[in-house]
Amino acid sequence: MNRDVIILAAGKGSRMKSSTAKVLHRIGGMPMVDHVLQSAAQLQPQSINVVLGHQADTIRDHLDASSWAWREVVQAQQLGTGHAVKLALEGLDDEGIALVLYADVPLVNLAILEQCIAAAETGAVGLVTAVFDDAAELGRIIRDEREQIQAIVEYKDASAEQRAVREINSGILAAPTKLLKQWLERVAPNNNQGEYYLTDIIAMAVGDGIAVSGIVAEEPADVAGVNDRIQLAQLERVYQQRQVASLMRAGVSFADPQRVDIRGQLQAGQDCYVDVNAVFQGNVVLGAGVHIGPGAVLIDCQVGDGC
């Protein structure tokens, strides 16, 4: 069954307070949208469709200069996620599966996406959720007494009781393309924002007797979005910690795992030692037994064994 990926990248990102398009801000030296495209490409989809709107020219120029194979979808008016996905679905094969991702959710876990798609391939809706200590203004997952998902309620439309729910909607979902098209034809802007909510399809699916399979992300960072520079910095640290942990498991020692920045790809042999405040940029390869001193900056280089 064909897989089509839709990546939403049309938002203004006004809380970033930046002239740079939000999705081009970097995590680990790579624009957030590239992290999402990298994950999408690993799914070997029939197509990757990127919805552009605000600062479309800048994002388009970046993607055109990259190696990604993608199709552009323009959302000229910001009428909500449901409207954006509806535009992207035009021309896609009705018999396929559509997976919706977000260009400002850079650390999405590939295994989670596979589970989401697997649910959709059974004819259900795969919906990725997470439990946050502070759910803030994210959409809430509403379940019935049997713990079955019934709907998603956006924070601004939620009651006090619903706002107390800590399980949130990540926004990531997969569904049979034909059903998704039918539901989005029925979505109306009957909410406080006057927007077409993609989340409205969940209640529609339930009403039509279609199962909604909730995939709960174990790590909230896997589905965390970036809306401001504080959240960007928080996910940067998570990304760095994951890279360092992987290297440590492979036999590399760090004087302080919190004080290192990997802005690209770092390969290292066993018994390497990295002192504090080292920066690795681009593609860096360390042989076995390499010692990197404090404050070193290595850019696109290879270091031999024992150096």
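Okay, let me start with one pair of residues: Phe254 has Val274 in β14 as its bridge partner. Before I go on, keep in mind that what we're looking at is a predicted model.

So, that pair belongs to β12 and β14, where β14 covers residues 273-274, and these strands run parallel, joined by two bridges. Zoom out a bit and you get an open sheet of three strands, ordered β12-β14-β16, with parallel pairing. At its edges sit β12 (253-254) and β16 (291-292), each of which pairs on one side only.

Now the whole chain. How many helices and strands does the protein chain have? Eight helices and 18 strands. Its radius of gyration is 21 Å, close to the 19 Å the globule rule gives for 307 residues, so the chain is as compact as a globular protein of that length. If you box up the C-alpha atoms along the principal axes, you get roughly 65 × 40 × 40 Å. Of the 307 residues, 48% are buried. And if you take the contacts with a separation of 6 or more, 57% of them link residues 24 or more positions apart.

Next, the helix I'd like you to look at, α4. It takes in residues 110-121, so to speak a run of 12 residues, and spans 17 Å from first C-alpha to last, close to the 16 Å expected at 1.5 Å a residue. Which residues of α4 are buried? Ile112, Leu113, Cys116, Ile117, Ala119 and Ala120. Looking down the axis of α4, those buried residues fall within an arc of 155°, so they line one face of the helix. The general reason is familiar: an α-helix has 3.6 residues a turn, so residues three or four places apart point the same way.

What covers that buried face? The cover includes β1 (3-9), α1 (32-42), β6 (97-102), β7 (125-131), β10 (167-176) and β11 (212-216).

A quick look at the ends of α4. At the start, a side-chain oxygen of Asn109 comes to within 2.7 Å of the backbone nitrogen of Ala111. On the other side, α4 is followed by Gly123, which has a positive phi, near 100°.

Let's pick one of the covering strands, β10. Is β10 mostly covered or mostly open? Mostly covered, with 10 of its 10 residues buried. β10 pairs with β6 in the antiparallel sense, over four bridges, and with β7, also antiparallel, over five bridges. Ala174 of β10 shows up in both pairings: Ala174 is the bridge partner of Leu99, and Gly126 stands opposite Ala174 too.

Last stop, Thr199. You'll find Thr199 in the loop between α6 (177-186) and α7 (200-207). Is this loop residue buried or exposed? Thr199 is buried: its relative accessible area is 8%, and the cut-off for buried is under 20%. Apart from neighbours within four places in sequence, Thr199 touches Ile152, Glu154 and Asn169. With Glu154 there's a side-chain to side-chain polar contact, at 3.1 Å. And to tie this back to the helix, Thr199 and Ala119 of α4 are 80 residues apart along the chain, with 17 Å between their C-alpha atoms.

That's my tour, happy to rotate the view for anyone.

Conventions: Residues numbered from 1 in each chain as written. Predicted model: local features only at pLDDT ≥ 70, side-chain atom pairs only at ≥ 80, totals over all residues. Heavy atoms only, no water. Expected span 1.5 Å × (residues − 1). Buried < 20%, exposed > 50% of the residue type's maximum accessible area, 1.4 Å probe, protein only. Arc of directions from axis to C-beta. Contact = heavy atoms within 4.5 Å. Polar contact = N/O pair within 3.5 Å; in protein donor to acceptor, adjacent residues only side chain to side chain. Pairing = 2+ DSSP bridges. Rg over C-alpha atoms; globule rule 2.2 N^0.38 Å.
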